[in-house]
Protein chains: 2
Amino acid sequence: MDIAEFRKRGKEMVDYIADYLENIEKRQVYPEVQPGYLRALIPDVAPDEPETYEDVLKDIERVIMPGITHWHSPYFFAYFPCANSFPALLADMLSGGLGCLGFTWAASPACTELETVMLDWLGKMLKLPEEFLAGTEGKGGGVIQGTASEATLVALLAARTRIVKHVQADHPEWTEVHIMSKLVAYTSNQAHSSVERAGLIGGVNMKKLPTDGKFAVRGEEMRKAIEEDKAAGLIPFYFCATLGTTASCAFDHITELGPICNTEGIWMHIDAAYAGSAFICPEFRPLLDGVEFADSFNFNPHKWMLVNFDCSTMWVKRRADIIGAFKMDPLYLKHDHQESGLVTDYRHWQIPLGRRFRSLKLWFVLRMYGRRGLQQHIRKQVALAKEFESLLLADERFEICAEVVLGLVCFRLKGSNDLNKTLLKRINNSRKIHLVPCQLAGLFVLRLAVCARTTESRHIHEAWTLITQLASELLCDNHH
Amino acid sequence: MDIAEFRKRGKEMVDYIADYLENIEKRQVYPEVQPGYLRALIPDVAPDEPETYEDVLKDIERVIMPGITHWHSPYFFAYFPCANSFPALLADMLSGGLGCLGFTWAASPACTELETVMLDWLGKMLKLPEEFLAGTEGKGGGVIQGTASEATLVALLAARTRIVKHVQADHPEWTEVHIMSKLVAYTSNQAHSSVERAGLIGGVNMKKLPTDGKFAVRGEEMRKAIEEDKAAGLIPFYFCATLGTTASCAFDHITELGPICNTEGIWMHIDAAYAGSAFICPEFRPLLDGVEFADSFNFNPHKWMLVNFDCSTMWVKRRADIIGAFKMDPLYLKHDHQESGLVTDYRHWQIPLGRRFRSLKLWFVLRMYGRRGLQQHIRKQVALAKEFESLLLADERFEICAEVVLGLVCFRLKGSNDLNKTLLKRINNSRKIHLVPCQLAGLFVLRLAVCARTTESRHIHEAWTLITQLASELLCDNHH
């Protein structure tokens, strides 16, 4: 394919994508294919000789589309949103076209510098404490990670390095592994599975703290755990707080937990993967109060702030802590400006070495929506969740299982878990809307998250009509 | 921006990218900006109200381009190539438009299934042993990681989990951390810095084995290390072999090392990040001999196989080993087909949870180039490196510092390291071509890697003309 053909095909692809998104609600949101469906549709081996673009393109509808779960359908209410907006798509195209890697400043200065400034812009929109900003002389700053899982892990590793150094100062005879065997990290029993995984990867003990009636960790529980663990000779060093849990969008009490962490020298990382985007609205910003006690903070603009995946933004108060956990300097990655102090080499901030020019997406989105446009998006989606909540409240067969704070509604039919499992199965088998479940205090619960950018009130009402209809049938079946 | 504007702007962006790539050699390959240049060019805070697309677009040339290192310029010879092709760009656009996440099979079946089949296609092109393929009943299979660093780490963590279980079977009283304190991993002293980092992250001791005159690890060195470490009570468990080191494209002797690893129960991971793409050519496939002894193998089509970043392909013989290291099953990620055996949930294979639909890029590239088209690309670039080698050989002021096997040439002026440091500085300051250095046996060495897809013989000759001219001036300066 030469440049002339790329121009032609690229424009066709833009139209294909536009057509796809324009007509997405006509597609069945959740696919009907069975495991292994795709292998039978294509050859066993790659072709020896080039095929034409037409050959490839016609297979998109034949091979790929039947197996797509349409995340951007307004009938998609599963998991949490995965952002998609036109400015971000354009920026991503540009990023692909430039195709530069930003592992060091020198590898593409614009890639590094735009990221640092965009993280400052976004940090200011969130009203993060000054210490989290890079500015020209700050000790903190932000970075774009691929996912919140990576941010959680990077924070844990930085905390591990910091505590090991600290303990070795008092006990120079202790090896790193000996110290690691005494370390204990905490998180909520509602935290995302990736937090437990970070503990596993980092080889440290990760304890899950019990939560209160609102599925949130309180200071008291943490204090108790710390006392017990210290009495047993362990060293508490890391706490991953969640603002907006995956199951029910619960918020740990970081105003209580933060001061304890600070007193005990525990690194507090805040995972606000989903909820973080809402903090750009003044009415939701109080949910972030307590961030001043944190060492690191992370949320995913690629979830709810209209920046296409992947863009997980993370800030630290002391970038030296992060860099210290990873820094390696082979000659082929050294460059003239390295020691100048003004320069950020993001490879020291993350697990991978290579990195795409992801801050372009953030730049395009922040500018083309403006702060107000993004606030509108958040507010609209919260209103839609509230609308669904009010429909539920008016039907006494249902119960709401967690406070509806943002765009997620957790609900169930009053009755057994089996009843609700069957309801969910019938909902998803209808293929008209898509939901996933969660477990809350032993109950099997259905989650409706407002996901697509184009979700409107009518989609919420259609979803409700379907759910109540299937619920009525189910209750009737059970009655007979 | 509505869909109609996206159609317009998207097409303009396709032309912008095509223009950029068509005229890239007219741009200075390495930027002249100073650290901190970008912050001064844009506002301090994000705008409150939306800006127009025109506002954003005009800043691309004003703000971004002056700070870009042009990785796809035919005058770019630094690091290793970062792939860029039109089919991959188109596939990436489609992936962005679909915007689905493939963390489980159910989250988008096509995303998971195409990946599994593409990794089989590619595995067959490389003539990997059958055990590495998934097929319909295989125990192995492939996955796309973001980078080789992640593949190295995932393999190390899988190996760590496997050995811990194994040792605990004999010593049920030993804790995981106690066992970890005895573990020892090996790699070459020429291995990429990410291998050392994987050891750091995984909390295990990583020893660098000495290399021979060709910068390769031999079996004898490993055998010696294992004996010493076992005698000291340590447990060797992981070896990361490199095929095509970053510094000099050296190849560890895996036909010697593999059998030792197998006998000792050491997990052998092969990192062929750069060189792996060449193994699709029969004449280079012997370099991969010994892969049959490996537990896992990884290379980066995003380096040298025309698939845009990121696409790092990894295969394992027993996927249960990988999954076992990570598996966590919260209810919100469970789905009906999970236990069917036919289904792959790639979230268990990697560090992040979310993942883009990256196999589309592989599919487009493999089909639109065909095996032969990709072989041609590799062969052409190796021939260009050989051409540069022959120019060097004809100038006795220079020496070649490592065998030229693929597309990398390591060379220096005969003389001191300082002389060569100055030469490199002058070359890069010319901004006409871009190189990075490496260190080989204490020598400061210049690396010329054939990178851009569009590099031709004339670019090699222009580079050589510049290098010899600057060398002459330098030698003349030194003489006076």
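The two copies in this predicted model meet through the same surface, because 100% of the interface residues of chain A are also interface residues in chain B. On each side the count is matched: 144 residues of chain A are in contact with 144 residues of chain B. Together, the two chains bury about 13,100 Å² between them, and carbon and sulfur atoms account for 67% of that area.

Charged and polar pairs also cross this interface. The rule finds 19 salt bridges between chain A and chain B. One of these can be followed easily in the structure above: B:Arg7 and A:Glu22 join through their side chains, with 2.6 Å from N to O. Polar contacts between the two chains come to 62 residue pairs, counting those in which both residues have a pLDDT of 80 or more. Among the elements of chain A, helix 1 (residues 3–22) contributes the most to the side that touches chain B, supplying 16 residues. Sorted by class, that side of chain A holds 83 nonpolar residues, with 31 polar and 30 charged ones beside them.

The arrangement of the copies can be described just as simply. In general, two copies of a chain are related by a rotation about an axis and a shift along it. Here, chain A is superposed on chain B by a rotation of 180° with 0.0 Å of shift along the axis, and the RMSD is 0.0 Å. The two copies are therefore related as by a two-fold rotation axis. For a handy landmark when looking for this axis, A:Lys11 is the residue of chain A that comes closest, its C-alpha lying at 2.5 Å.

Within chain A, one lysine carries an annotation worth locating. An unreviewed UniProt entry lists A:Lys303 under "modified residue: N6-(pyridoxal phosphate)lysine". In the model, A:Lys303 belongs to helix 10 (residues 301–304) of chain A. Once neighbours within four places in sequence are set aside, the residues in contact with A:Lys303 are A:Phe80, A:Pro81, A:Cys82 and A:Ala83, together with A:Ala273 and A:Tyr274.

The loop that follows helix 10 offers further detail. Over all chains, the salt-bridge count reaches 81. One such pair links A:Arg356 to A:Asp310, with the closest N and O atoms 2.3 Å apart. Because A:Arg356 sits in the loop between helix 11 (319–326) and helix 12 (359–393), while A:Asp310 sits in the loop between helix 10 and strand 7 (312–316), this pair ties together parts of chain A that are 46 residues apart in sequence.

A:Asp310 also stands out in its backbone: the peptide bond leading to it from A:Phe309 is cis, with omega near 5°. In chain B, the bond from B:Phe309 to B:Asp310 is likewise cis, with omega near 5°, and B:Asp310 is placed in the loop between helix 10 (301–304) and strand 7 (312–316) of that chain.

Another backbone feature appears at A:Phe215, where phi is near 65°, a positive value in a residue other than glycine. A:Phe215 can be found in the loop between strand 3 (205–209) and helix 8 (219–231) of chain A.

Conventions: Residues are numbered from 1 along each chain as its sequence is written. Chains are lettered from A and ligands numbered from 1 in the order in which they are written. This is a predicted model: local features need pLDDT of at least 70, side-chain atom pairs count only at pLDDT 80 or more; totals for chains, interfaces and linings use all residues. Side-chain values use heavy atoms; hydrogens and water are left out. Contact means heavy atoms within 4.5 Å. Buried area is the accessible area (1.4 Å probe) that two parts lose on being put together, summed over both. A salt bridge is a side-chain nitrogen of Lys or Arg within 4 Å of a carboxyl oxygen of Asp or Glu. A polar contact is a pair of N or O atoms within 3.5 Å; within protein, one must be able to donate a hydrogen and the other to accept it, and residues adjacent in sequence count only if both atoms are side-chain atoms. Helices (H or I, at least four residues) and strands (E, at least two) are DSSP runs, numbered from the N terminus. Ala, Val, Leu, Ile, Met, Phe, Trp, Tyr, Cys and Pro count as nonpolar, Asp, Glu, Lys and Arg as charged, and the others, Gly among them, as polar. Copies are superposed by least squares on the C-alpha atoms of residues with pLDDT of at least 70 in both. UniProt positions are given in the numbering used here, feature names are shortened, and annotations may be inferred rather than shown by experiment.
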